[in-house]
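Student: I would like to learn how to read strands, pockets and cavities in a protein model. Could you take me through one case?

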Amino acid sequence: MIHHTGLLMPPSSPRAAFQLAEPPCASHILVPEHLVDPQPCPPGMMRGCSSHARASSGDGLLVLDFTDGLTAAPAAGARGPIPLDGKQLKPDVTRFVCNPLSGELFRVPDIDGTKKTLKWQLVGILTQSGRPNGPPDRYALASFSSNAAADDDDEWSFAVRRFLSQKGEWDEPVVFPSPLPLERPLFVDHDPVTFAGRIWWVDVSWGAISVDPLSDQPELRFVELPGGSVMEPVKDEKRRGLVRYRRLGVSEGRLRYAEASQKEPFVLSSFALDDNGSSWTLEHRVALSRLRVDGGLPLQQEDTPRIGVIDPLNASIMYLKIGVQCISVDMEKG
């Protein structure tokens, strides 16, 4: 699990530095500052920055993104947190493809020649090799956006943008008819997942869409979450933060979905996508209220467990965050 990416100072190296940690601790990646080239911060302004390991391929390549925006500095003597909004900041977005083992970085060209590309923030990566278990010969990056119908007679549509490594530039958006069974907006704040030759974007209240960006004729597909996990449509603000308790990931070669209830007994459930790619099988379900933290104290309501990541090698292992602690839970052992 890579928890954080950041800027490496002084910027003396052309490569990233990978700080590997043993699970359940999180690893870190540092990128030389001059490669990101943050915008100047004039007097009276303050910088709002964030950085993410946004996605990973099946063979370990990472998509890193850095957002860098400016906002007015608080008045002298002001106290308390300063609310920052991505739309208000209008940040620059800089992306890299990174090999974390060698530290090699490829600066992804800006979309349409501009860094103001927050609309295409959720970029996934898919690699392809002509040799079994060999290094990738090519890769594709992809992101999507959805457009609500202008009126009741119009159809919903999705636009996908691709960057193909052999071309070295972003394609124009390809518009697809909506694959969704209902005209309901997708709210995606979960990082993209790569599985079975496709990139997946998931609305953790409903389901996931996927596409093969390396195909000459890509098509969108939609898979609903397990029946008991599908929520009624709610406003976006009520769905924010839900991703802390619901995760999609790949483990032992299968796509898996996990969720933790937010009330006692804090039930943790794990499902696997069936081979037909359209239904889910419940594999594990355990109550986390028996866990002991902070010197043996039982979990309290304010200690609601959050899902960090599904172990990629052992599907029964889940990494959770409880307060400031990160723990691993073996659901097979209960």
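Tutor: What follows goes from the whole chain to one hairpin and then to the empty spaces.

This is a predicted model, in which local features need pLDDT of at least 70 and side-chain atom pairs count only at pLDDT 80 or more, while totals for chains, interfaces and linings use all residues. Residues are numbered from 1 along each chain as its sequence is written, and side-chain values use heavy atoms, with hydrogens and water left out.

Student: How many helices and strands does the chain have?

Tutor: Helices (H or I, at least four residues) and strands (E, at least two) are DSSP runs, numbered from the N terminus; here the chain has three helices and 25 strands. Of its 334 residues, 43% are buried, meaning under 20% relative accessible area with a 1.4 Å probe and protein chains only. Taking a contact as heavy atoms within 4.5 Å, residues 24 or more positions apart account for 51% of the contacts in the chain with a separation of 6 or more.

Student: In what sense do β17 and β18 pair?

Tutor: Two strands pair if DSSP finds at least two bridges between them. Strand β17 (residues 246-251) and strand β18 (residues 254-260) run antiparallel, joined over six bridges, and Val250 stands opposite Leu255 in β18. Two residues lie between the strands of this hairpin, where Glu252 takes a positive phi near 50°.

Student: How should I read empty space, and what volume has the largest cavity?

Tutor: Rolling a probe the size of a water molecule over the atoms shows where empty space is left. On a 1 Å grid over the protein atoms alone, a cavity is a set of points where a 1.4 Å probe fits but cannot get out, and a pocket is an open set with protein on both sides within 12 Å along at least five of seven lines; lining residues have an atom within 4 Å of a point. The count comes to one cavity of 30 Å³ or more, and the largest cavity has a volume of about 40 Å³. Its lining includes Val36, Phe66, Asp92 and Lys115, with β5 (62-72) and β6 (92-98) each supplying at least two residues.

Student: Which residues lie nearest the centre of the second largest pocket?

Tutor: Among the 15 lining residues of the second largest pocket, Phe195, Trp200, Leu273, Asp275 and Gly277 lie nearest its centre. The elements giving two or more residues to this lining are β14 (198-203), β16 (221-224) and β18, and the space in the second largest pocket is about 210 Å³.

Notes: Points joined across faces, edges and corners; volume = space filled by probe spheres on them. Buried < 20%, exposed > 50% of the residue type's maximum accessible area, 1.4 Å probe, protein only.
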